[in-house]
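Visitor: Hey, I've got a structure open and I don't know where to start. Can you walk me through it?
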Amino acid sequence: MAKHQSSPQSASSQGANSQDANHTLEPFFVLHKAQPQATVVEKVSKSRKGRKKGIESSPKSPEKSKRTTSDEQPSNTLYEQWRFKAFNEIWSLIQSSIEGVLRDINLKLFNEVLQWIEDSFSEIKSNVKLSSSEILQPYPLLADTLCRKIPTAFVLTKNAEYVDDIQTFCDLGSHLKANRCHVANMSALDFSLKFGIGGSVRSLLRQLHSEPLDGKIADMLTLAKWYCEEENNDKPIVVMIDDMECCNADVLGNFITMLSEWVMKIPIFFIMGVATTIEAPKNMLPSDALQHLNPCKLTLGTPSDRMNSLVESVLVEVCYCFSLGHEVSVFLRNYFLRHDGTITSFISALKLACSKHFSLESVSFLGLYMLDQDSEERWSEKFVYLPESMKRCILNLHSCKSEKNLQGGVGSIVQQLSDLKASQRFWSSVVLCLFEVARYSKMQFLDIFCEATDPKMYCMNGSENILKKHFRCGDKNSTARSSSGVGSITRVIHTIREMPVAALSNLLDKWNNHTEEMTEINEEVKKLQSVLASVDEGKVYEENLHNIRNRKSVSVISGKGNSANEKVAMLLDAMIRKYMKPLECMTLHEIICFRDVDVLQSGLIGDPRKTIQLDLLKCHSYLSCSCCSSDAKNLSPSMHDTSIMYKLAQEFGDVINLYEWYQSFKTVLTSSSQTSRKRGCPSPASKKAKPLPPSETEALIQARFCGAVTELQISGLLRMPTKRRPDFIQRIAFGL
Amino acid sequence: MAPKRKKVEVEEEEARAQVEVEEEDEEEEELAFSRNYFLAKEVGSASGKRSAARKVSEINLVDDQLLRASLSELPTKHEKEIGSLLESYKGLYSNWLFELRCGFGLLMYGFGSKKALLEDFASSTLTSYTVVVINGYLASVNLKQVMTTIAEILWEHYKCKAKTSTGKKQQTQLPNGLKSVDDIVTFIVDISDDCNCSVCLLIHNIDGPALRDPDSQQHLARVSCCSCICLVASIDHVNAPLLWDKKMVYTQFKWSWHHVPTFVPYKVEGLFNPLILFSSGHVQTTKTALVVLQSLTPNAQSVFRVLAEFQLANEKEEGMHVSELYTKCREQFLVSSQVTLNAHLTEFKDHKLVKMRRHSDGQDCLHIPLPTNALEKLLQELV
């Protein structure tokens, strides 16, 4: 226990003598075993096994908290547990939503693949019927190369990064498994030169066999034997390779050729992910392997389509229990567009934002209440039992300080919370309506989402009608704004004005569903629907498909269409003004809104190259000692040695002359210490050096020099001298 | 006369350059990667004024033992401030634990040794986890042993759980039967879902010399995404993120970055790094040469002395012909036959005291690979 209480610094200083010192030179060791009473298995977030527990496991313990209010420390731990529980519940909800969206978006492709496999499989079965003994016989080989073709689906992933496709292929695997297929999900690592074709076959067998191979030889005969077993027979074997272009071409070529020898006996299908073009396999694989493939082309949805669906279902529909502030939204949008454009990175960023929110915001556990379908009375009961300190915490939230109503106590907090939830529901309804228009005009949902979360836009729009502001005076201004990405919502309204009647009618049908909770708006939508229906009867059915897309013809055909469009646009404008109140404008929004963009950015993108250099150049800002100057350019002997050395190194070019570097370092340590001695305020370093004989002072300086160079080498900022240039060190990092 | 001497010198330079070609090739290859144009310019100008460039040997180097001693006793600057900086990180421990429980891996970076900080975090906060520490800064880390240890820990829990749940059949084999690291990692991944325990892998310097290779990183990545294993790691190298691809970062390690500069000296991490003012100087080589020579017979020492004196007297020469050395040694009654001389020479060559070179006239000649001043010092001490 004493060990636990010791500060890290004391641990480091005593390290040489303590028992820990023995561990420093051991390659690895067990620091301690889990304390049995404290063992908590937190698999929920990883394996998601606990998701189904659902709301029942939400904090039912206000009563419990009552007991612990006297003791602040246990109470904090309790709230931390609640926050963790809230994270698990809410993230499970978000994650299941993500999985659902991605599965739905790929379902069409999955069914296409399944259909293709079933067709090919039945064709093979109708042509060849072999007994088990014939299957197990390796010879005679099939002479006819035409018969030795493996049906292969090249799935164009349209992604330069295959990381998004890993999950897609996993889902595809599960889908096929559920539909009577044997599936082996292989990757480029299984087709490496290091392990050769043996590694590939072993990996294939390992995936197909439910039990370990137990020293069986991994060859095709083992596969044939396995296939002859009753429970495995009569099903196609699908081999999936998610990133075909990353595989070693020779190993993959040999693998294909080898499987083709058996294709009539064991029905094998390939599904290969291709990131670039359909030409890639031709360019990559050897021709003898290529001739054994019977290709078929399938295409995945684009990342931007997937992103739109994610924004809709995750950021908008689940926004009442966790949501993002405007700055965070803009950051995530830029992160997606400029970083790597992968859904995986976006989801991991979202998860980090979620965990940071529940980890850092002390009242975030109340998000669970939002998840709860309980009535306000039930909430009141829960709030009554909250300790005073927690209530104070809530009242001290930034958004509550200006709110005088909240001083009324529990009732007012519950009321505000209820308003918050309702407001978020309205907000999401309006945003969903906007998305419907965006879907028609193929706009990015993320842009609209960012704008819809902007509190400044709301304040600006509060007084003035968006439509009036941007459109009455003419459209030129709005076009300019939209190109800069600012005016997405105005572009949406602009789109409505130009929509053909049929599309407008579809739009209103969808709005009808989205606006069910907003009675007033819903009535307006219905009225507009009836107006449009009367227009439809007369004109719209005469339009052909071409005309529907043609703006001019619509305005010509339906004279009233223009005014109907205007009405719909006005309605949307009214909806935005009345119901699209961004979360950050609401009281108590801190409970469900994550706004700290800096925290997210630093957790997501560590930039060691820049940061470590900055640490060295600005060490004073971290140590904030009294002995050194805060001016970055001034070098004093009391400064951290490595910091002095790195600052001195900035004056050299690509290579540093060791002698000169040493002399300047020595000058900094000695001459400045002499001046400081004259001033009567010796630095810690000079204090130590003063009584020492010159040789030892020299040794000390040289030791400091050596230590600093070693530290810079560990940081990767230097390359050590080579035999050819023993007097020069090469710098590696230049600029920040 | 003068032009002729100049010609000889040029030829000598060329021959010497030929000998060094191999070393240079290797280095040029390194330089070709980055900034080679500017570097070549700079090196070119540096070699142009080579006489002006100061050498390390001009520093009055202290004895290496004294240097080592001083280094180990070096007082840490700003000890108090570093202490309070580390103390300030203690407030973040609960947040770090929270993120670990959320399924993220913690990646600590920033200047200064993070060993003490992370171990303090593990001992005080990660009490519900079995913590396995890997000292990645050591080149002696054997990942197979580490994985075996983890597999054993998990296997213990798995067995206990299998005993309690009666109907469960133990299908997986014992860790003892596993041969390669790949097998062990697969074993860990297979049983991790059924293990009722939490293991935290604390890796000091995941970018360390023994873990830098892609295979090790792949193994660590696969293990890190097991449901009962979490990862806390530190990096010190500025280019460490290049070790991972997107799959590893987003789906396996799931890093949450934390900037925690400590400014604690890298004492343990740098323990095995050669000191810059120690290995590059000739002090080391002179000393080792002396040790070797003193262990040889007086005759062998005298043969070496003959060669050394010749080299000192003829600095411009590429080396001494073997036949010439034999004649001189025979004159001084140091060797009686070519065989005896060859025995001595083999000894020298084995200990790298002498190198064989091809003379520009085509014959083999002998050369002591030490600078003149080092050789003089060696002869003085070899009494």
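Guide: Sure, let's go through some rings, helices and loops one by one. Keep in mind that this is a predicted model.

Visitor: Okay, rings. How many aromatic pairs are there over all chains?
Guide: A search of the whole structure turns up 31 aromatic pairs over all chains. One of them is Phe336(A) with Phe346(A): the ring centres are 6.2 Å apart and the planes meet at 75°, so this pair is edge-to-face.

Visitor: Why does 75° make it edge-to-face?
Guide: Because planes over 60 degrees apart count as edge-to-face, and this pair has its planes at 75°.

Visitor: Got it. Which helices do Phe336(A) and Phe346(A) sit in?
Guide: Phe336(A) is in helix α15 of chain A, residues 326-340, and Phe346(A) is in helix α16 of chain A, residues 343-360. The two residues are 10 apart along the chain.

Visitor: Is Phe336(A) buried or exposed? And what about Phe346(A), buried or exposed?
Guide: Phe336(A) is buried, at 5% relative accessible area. Phe346(A) is buried too, with 3% relative accessibility.

Visitor: Show me another pair. How are Phe426(A) and Tyr579(A) arranged?
Guide: Phe426(A) and Tyr579(A) are edge-to-face, with 4.9 Å from centre to centre and 65° between the planes. Phe426(A) belongs to helix α21 (residues 410-440) of chain A and Tyr579(A) to helix α31 (residues 561-579) of chain A, so the pair ties together parts 153 residues apart in sequence.

Visitor: Where do those two stand on burial?
Guide: Phe426(A) is partly exposed, with a relative accessible area of 23%. Tyr579(A) counts as buried, at 12% relative accessibility.

Visitor: Which residues form an aromatic cluster?
Guide: Phe84(A), Phe87(A), Phe322(A), Phe358(A) and Phe98(B) form one cluster.

Visitor: What about charges over rings? What sits over Phe104(B)?
Guide: The charged end of Lys351(A) does, 5.3 Å from the centre of the Phe104(B) ring. You can also look at Arg425(A), which lies over the face of Tyr320(A) at 4.7 Å from the ring centre.

Visitor: Let's go back to α16(A). How does it pack with α6(B)?
Guide: The axes of α16(A) and α6(B) are 10 Å apart, and the helices pack at an angle of about 140°. Helix α6 of chain B covers residues 93-101.

Visitor: What do you call that arrangement?
Guide: Oblique. Angles over 145 degrees would count as roughly antiparallel, and this one is about 140°, so α16(A) and α6(B) are oblique to each other. The crossing of α16(A) past α6(B) is right-handed.

Visitor: Anything else in α16 of chain A?
Guide: Ile347(A) is in that helix, and Ile347(A) is buried at 18% relative accessible area. The C-alpha atoms of Ile347(A) and Ile94(A) are 9.9 Å apart, while along the chain the two are separated by 253 residues.

Visitor: New topic: backbone angles. Which residue has a positive phi of about 60°?
Guide: That's Arg180(A), which is not a glycine. Look for Arg180(A) in the loop between α8 (163-178) and β3 (182-186) of chain A. In chain B, His78(B) has a positive phi of about 55° and is not a glycine either.

Visitor: Where is His78(B)?
Guide: His78(B) lies in the loop between α4 (64-72) and α5 (79-90) of chain B. At 9% relative accessibility, His78(B) counts as buried.

Visitor: Does a database record say anything about chain B? What does UniProt list for residues 314-372?
Guide: For residues 314-372 of chain B, UniProt lists "domain: Origin recognition complex subunit 2 winged-helix", from an unreviewed entry. In the model, that span is 41% helix and 17% strand, and its end C-alpha atoms lie 11 Å apart.

Visitor: Can you point me to some strands in chain B?
Guide: Try β6, residues 320-321, where you'll find His321(B). His321(B) is buried at 14% relative accessible area. Then there's β7, residues 355-358, which holds Lys355(B). Lys355(B) is partly exposed, at 47% relative accessibility.

Visitor: How far is Lys355(B) from Thr130(B)?
Guide: Their C-alpha atoms are separated by 55 Å, and the two residues are 225 apart along the chain.

Technical notes. Residues are numbered from 1 along each chain as its sequence is written. Chains are lettered from A and ligands numbered from 1 in the order in which they are written. This is a predicted model: local features need pLDDT of at least 70, side-chain atom pairs count only at pLDDT 80 or more; totals for chains, interfaces and linings use all residues. Side-chain values use heavy atoms; hydrogens and water are left out. UniProt positions are given in the numbering used here, feature names are shortened, and annotations may be inferred rather than shown by experiment. Helices (H or I, at least four residues) and strands (E, at least two) are DSSP runs, numbered from the N terminus. Rings of Phe, Tyr and Trp (its six-membered ring) pair if their centres lie within 6.5 Å; planes under 30 degrees apart count as stacked, over 60 as edge-to-face and the rest as tilted. Buried means under 20% relative accessible area, exposed over 50%, partly exposed in between (1.4 Å probe, protein chains only). A charge sits over a ring if NZ of Lys or CZ of Arg is within 6 Å of the ring centre and within 35 degrees of the ring normal. Axes are lines fitted to C-alpha atoms, for helices over the stretch in contact, and angles run from 0 to 180 degrees between N-to-C directions. Angles under 35 degrees count as roughly parallel, over 145 as roughly antiparallel, 65 to 115 as roughly perpendicular and the rest as oblique. A crossing is left-handed if the near helix is turned anticlockwise from the far one by less than a right angle, and right-handed if clockwise.
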